[in-house]
Amino acid sequence: MRTKTVYKQHLLLKQINRKKKDMYKKAKQLGYTHSLVVTCSQELDQLLNQYQGMFPYQEVG
């Protein structure tokens with residue numbers, strides 16, 4: 001069971017890194033406020049939220 005979770009985390013991290021690279025490339029070509037860059041940023045946010053949701057909440061302090 002643990003192996004499956006680690007594999008999913010690994011795949012999600014790969015998707016996150018690809019989306020980041022894509023976003024940076026588009027931002028360089030089109031500018032940070034272009035609609036395609038904003039859409040890409042929102043997609044990246046969704047991936048990051050999914051990744052963060054894979055870990056139980058732990059209060060710090």
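Start by selecting Gln-9, a residue of helix H1. In this predicted model, Gln-9 has a relative accessible area of 12% and is therefore buried, the cut-off for that class being under 20%. Show its surroundings and leave out neighbours within four places in sequence: Gln-9 is then in contact with Tyr-51, Met-54 and Phe-55.

Next, select the whole of H1, residues 2-30. Its 29 residues should span 42 Å at 1.5 Å a residue, and the end C-alpha atoms are 42 Å apart, so expectation and model agree. Colour the buried residues of H1, which are Gln-9, Leu-12, Ile-16, Met-23 and Ala-27. What do these buried residues pack against? They pack against H2.

Stay on H1 and pick Ala-27. With 6% relative accessibility, Ala-27 counts as buried. Apart from residues up to four places away in sequence, Ala-27 touches Tyr-32 and Val-37. For a distance check, draw a line from the C-alpha of Ala-27 to that of Gly-53: the two residues are 26 apart in sequence and 27 Å apart in space.

Move along to Leu-30, also in H1. Is Leu-30 buried or partly exposed? At 39% relative accessibility, Leu-30 counts as partly exposed. Setting aside neighbours within four places in sequence, Leu-30 is in contact with Leu-36 and Val-37. Val-37 was also listed among the residues that Ala-27 touches. A line from the C-alpha of Leu-30 to the C-alpha of Asn-49 gives 26 Å, for 19 residues along the chain.

Step just past the end of H1 to Gly-31 and inspect its backbone: phi is positive here, at about 100°.

Now select Ser-35, which belongs to helix H2. Ser-35 has a relative accessible area of 48% and is partly exposed. Compare its position with that of Gln-9, where the tour began: 26 residues separate Ser-35 and Gln-9 in sequence, and their C-alpha atoms are 29 Å apart.

Extend the selection to all of H2, residues 35-53. For its 19 residues, 1.5 Å a residue leads to an expected 27 Å, and the end C-alpha atoms are indeed 27 Å apart. Colour Val-37, Cys-40, Leu-44 and Leu-47, which are buried. Look down the axis of H2: the buried residues fall within an arc of 80°, so they line one face of the helix. They pack against H1. On the face turned away from this buried side are the exposed residues Gln-46, Asn-49, Gln-52 and Gly-53.

Finally, show both helices together. How do H1 and H2 pack? Their axes are 9 Å apart, and the packing angle is about 160°. Because angles over 145 degrees count as roughly antiparallel, H1 is roughly antiparallel to H2. The crossing of the two helices is left-handed.

To display the contact itself, select these two sets as sticks:

- From H1: Gln-9, Leu-12, Leu-13, Gln-15, Ile-16, Lys-19, Lys-20, Asp-22, Met-23, Lys-26, Ala-27 and Leu-30.
- From H2: Leu-36, Val-37, Cys-40, Ser-41, Glu-43, Leu-44, Leu-47, Leu-48, Gln-50 and Tyr-51.

The H1 set includes Gln-9, Ala-27 and Leu-30, visited earlier on this tour. The H2 set includes Val-37, Cys-40, Leu-44 and Leu-47, which are the buried residues of H2.

Methods: Residues numbered from 1 in each chain as written. Predicted model: local features only at pLDDT ≥ 70, side-chain atom pairs only at ≥ 80, totals over all residues. Heavy atoms only, no water. Helix = DSSP H or I, 4+ residues; strand = E, 2+ residues; numbered from the N terminus. Expected span 1.5 Å × (residues − 1). Buried < 20%, exposed > 50% of the residue type's maximum accessible area, 1.4 Å probe, protein only. Arc of directions from axis to C-beta. Contact = heavy atoms within 4.5 Å. Axes fitted to C-alpha atoms, helices over the stretch in contact; angles between N-to-C directions. Parallel < 35°, antiparallel > 145°, perpendicular 65-115°, else oblique. Left-handed = near helix turned anticlockwise from the far one by under 90°.
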